[in-house]
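Please walk me through this structure, beginning with the chain as a whole and ending with single residues.

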Amino acid sequence: QVQLVESGGGLVQPGGSLRLSCAASGSIFSINTMGWHRQAPGKQRELVATIASDGIINYADSAKGRFTISGDNAKNSVYLQMNSLKPEDTAVYYCTMMIRTSYVGRYWGQGTQVTVSS
């Protein structure tokens with residue numbers, strides 16, 4: 001059984017910063033890809049950023065230049081540093097990982113709320 005636990009969300013003023021963390025635990029053989037998605041009220045869940053095991057990183061256009069994704073394979077963890085936050089960044093942020101146990105599956109965290117408001 002694999003579990004992803006996120007932390008670091010909260011309320012921040014426009015222009016502020018937050019750092020999200022996500023750690024996976026369980027019977028993990030390897031992790032192929034780690035990433036973050038978000039879902040704002042009334043909207044579909046959307047990709048924010050991904051990092052592959054070979055280090056290749058992708059960002060949504062909305063995240064480029066403001067967000068930085070990083071991973072620590074030794075800790076089975078992924079992070080999202082978010083700077084210059086805007087009200088439109090308000091959403092529930094979910095981490096996700098492609099994890100190999102006895103098979104390869106996509107796992108999701110429970111989500112952490114990020115609210116950007118003055």
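The paragraphs below go from the overall form to one sheet, then to the nonpolar core and two of the residues around it.

The model shown here is predicted. Its chain holds zero helices and 11 strands, so that, read from the N terminus on, each element in the series β-β-β-β-β-β-β-β-β-β-β is a strand. The radius of gyration is 14 Å, close to the 13 Å that the globule rule gives for 118 residues, and the chain is therefore as compact as a globular protein of that length. Along its principal axes, the C-alpha trace spans about 45 × 25 × 25 Å. Of the 118 residues, 41% are buried, and the accessible surface of the chain comes to about 6300 Å², with 47% of it belonging to carbon and sulfur atoms. Among the contacts with a separation of 6 or more, 54% are made by residues that lie 24 or more positions apart.

Within this chain, four strands form an open sheet, in which the order is E1-E3-E8-E7 and the pairing is antiparallel. Strand E1 (2-7) and strand E7 (67-72) stand at the edges, and because each has a single partner strand, one side of each is left without a neighbour in the sheet. From one strand to the next, the twist averages 15 degrees. Strands of a sheet pair through backbone hydrogen bonds, either parallel or antiparallel. E1 and strand E3 (residues 18-26) run antiparallel and are joined by six bridges, and Leu4 has Ala24 in E3 as its bridge partner.

Leu4 also belongs to the largest nonpolar core, which has 29 residues and in which Leu4, Trp36, Val78, Leu80, Met82, Tyr93 and Met97 have the most contacts. At least two residues of this core come from each of E1, E3, strand E4 (30-39), strand E5 (46-52), E7, strand E8 (77-82), strand E9 (91-100) and strand E11 (112-116), while E9 gives the most, with five residues. In soluble globular proteins, nonpolar side chains tend to be buried together.

What does Val78 touch, once its neighbours within four places in sequence are left aside? Val78 is in contact with Leu20, Ser21, Cys22, Met34, Trp36, Ile51, Ile69, Ser70, Gly71, Cys95 and Met97. One of these residues, Ser21, has its place in strand E3. Is Ser21 buried or exposed? Ser21 counts as buried because its relative accessibility is 19%, and buried means under 20%. With neighbours within four places in sequence again left aside, Ser21 is in contact with Val5, Glu6, Ser7, Trp36, Val78 and Tyr79.

Note on methods:
Residues are numbered from 1 along each chain as its sequence is written. This is a predicted model: local features need pLDDT of at least 70, side-chain atom pairs count only at pLDDT 80 or more; totals for chains, interfaces and linings use all residues. Side-chain values use heavy atoms; hydrogens and water are left out. Two strands pair if DSSP finds at least two bridges between them. Axes are lines fitted to C-alpha atoms, for helices over the stretch in contact, and angles run from 0 to 180 degrees between N-to-C directions. A nonpolar core is a set of buried Ala, Val, Leu, Ile, Met, Phe, Trp, Tyr and Cys residues joined through side-chain atoms within 4.5 Å. Buried means under 20% relative accessible area, exposed over 50%, partly exposed in between (1.4 Å probe, protein chains only). Contact means heavy atoms within 4.5 Å. The radius of gyration is taken over C-alpha atoms; the globule rule is 2.2 Å times the number of residues to the power 0.38. Accessible areas come from the Shrake-Rupley method with a 1.4 Å probe; for residues, only the protein chains shown count as cover.
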